[in-house]
Amino acid sequence: MIDTYSVPLSTLVAEFNLTILHEATDYASIRLTVEDVARPGLQLTGFFDHYEPMRLQVMGNVEMSYMAKQSEAERNRVYDRLFSYKFPAMLIARGIQPDDQLLAMAQKHNITLLSTKERTSTITSGIITFLKDALAPRISRHGVLVEAYGEGVLIIGESGIGKSEAALELVKRGHRLIADDAVEIKKVSANSLLGTSPELIRNYIELRGIGIINVAKLFGIGAIKKDNEINLVVNIVPWNTHENYDRLGLEEHYTEILGVNVPMYTIPITPGRNLAMIIEVAAMNNRQRRIGYNAAVEFTEQINRHFDQTTGGI
């Protein structure tokens, strides 16, 4: 199930050490639901077409200087209309002190007024980056996430098939664990997924017959990683003699997660197969494909050239 997130305004205030100039009565319940912020330049001139009041409003030196040149009556009129849209909060950058009319309208319309000494562009880009991460669409999946040769590999399969054991063997081979059992996945861009572990079970692996182990304590801090982009999905399945498995790798298979198509290998297992080594090879092969090299295509072309030469092109 996809979770929909929002960010409390109080969390943003604490994260960026913002000063509260006026606290609205509903301050504790205000939540930000969009990742963008707005600088109400055109709105100060009276143009409100396409205005989006759900965004945090940021005023910097340009906006404040413009309003300082207006008459007191004009400032009252402009601020009264702007604050009537009930946006989450107004943030004034560069440590500029609000004029009396601005403060009065914030109080009249019960809207939180904030201040920061940061430059307008700096605080704006910082807030957008923070909100983009906090509000990213996300989902939880049962599986194990490891980093192998720089590739984020999500290992899935039915319970008890050996996902955690494979992850542990990969850790012993010098790779890193990100999550075991539950993987939190969020969409950080149109084509990128970031995977991490729930805080409660981070760094732990469950091994049937042994129990819970702490990977960081057992193998060192270099054996774990907080998060990683998901580049590949490996689906572990029991070997089925009636199933036709891909032997050349010419066909590329994908699985969709949060609208992003991720390359997927289905790996059938039987006793004696070295699953960790197979996952290592899958990670390296996927990395080669991402940079433009495909061994399966090269092999097929080589075979075709061989037959062409043998048959004389007939």
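**Strand pairing, helix packing and aromatic pairs**

His 142 stands opposite Ala 182 in strand E11. This register belongs to the pairing of strand E9 (residues 138-148) with E11 (residues 176-189), which run antiparallel and are joined by ten bridges. Helices (H or I, at least four residues) and strands (E, at least two) are DSSP runs, numbered from the N terminus, and two strands pair if DSSP finds at least two bridges between them. The model is a predicted one, in which local features need pLDDT of at least 70 and side-chain atom pairs count only at pLDDT 80 or more, while totals for chains, interfaces and linings use all residues. Residues are numbered from 1 along each chain as its sequence is written, and side-chain values use heavy atoms, with hydrogens and water left out.

On from E9, E11 also pairs with strand E12 (residues 192-196), again in the antiparallel sense, over five bridges. Here Ser 189 stands opposite Ser 192 in E12, and the two strands form a hairpin with two residues between them.

A further sheet is open and has five strands in the order E3-E8-E7-E6-E5, with mixed pairing. Its edges are E3 (19-22) and E5 (37-38), each of which pairs on one side only. E3 and E8 (residues 112-115) run antiparallel and are joined by three bridges; the partner of Ile 20 in E8 is Leu 114. Helix H4 (residues 100-108) lies across E3, E7 (89-92) and E8, running at about 80 degrees to E3. For such values, axes are lines fitted to C-alpha atoms, for helices over the stretch in contact, and angles run from 0 to 180 degrees between N-to-C directions.

Helix H6 (residues 163-172) packs against helix H8 (residues 275-290) at an angle of about 70 degrees, with the axes 8 Å apart. H6 and H8 are therefore roughly perpendicular to each other (under 35 degrees is roughly parallel, over 145 roughly antiparallel, 65 to 115 roughly perpendicular and the rest oblique). On the H6 side the contact (heavy atoms within 4.5 Å) is made by Ala 166, Glu 169 and Leu 170, and on the H8 side by Leu 275, Ala 276, Ile 279 and Glu 280. These residues divide into five nonpolar, no polar and two charged, where Ala, Val, Leu, Ile, Met, Phe, Trp, Tyr, Cys and Pro count as nonpolar, Asp, Glu, Lys and Arg as charged, and the others, Gly among them, as polar.

Ala 167 also has its place in H6. This residue is buried, with a relative accessible area of 0% (buried is under 20%, exposed over 50%, partly exposed in between; 1.4 Å probe, protein chains only). Leaving aside residues up to four places away in sequence, Ala 167 touches Val 144, Val 146, Leu 177 and Ile 205.

Turning to the aromatic residues, rings of Phe, Tyr and Trp (its six-membered ring) pair if their centres lie within 6.5 Å; planes under 30 degrees apart are stacked, over 60 edge-to-face and the rest tilted. By this rule there are six aromatic pairs. Phe 48 and Tyr 51 form an edge-to-face pair, 5.4 Å centre to centre with 90 degrees between the planes. Phe 48 is buried at 9% relative accessible area, and Tyr 51 is buried at 12%. Tyr 79 and Phe 83 have ring centres 6.5 Å apart and planes at 75 degrees, so this pair is edge-to-face too. Being four residues apart in helix H3 (residues 72-83), Tyr 79 and Phe 83 are separated by about one helical turn, and both are buried. Finally, Phe 48 and Tyr 51 join Tyr 85 in one aromatic cluster.
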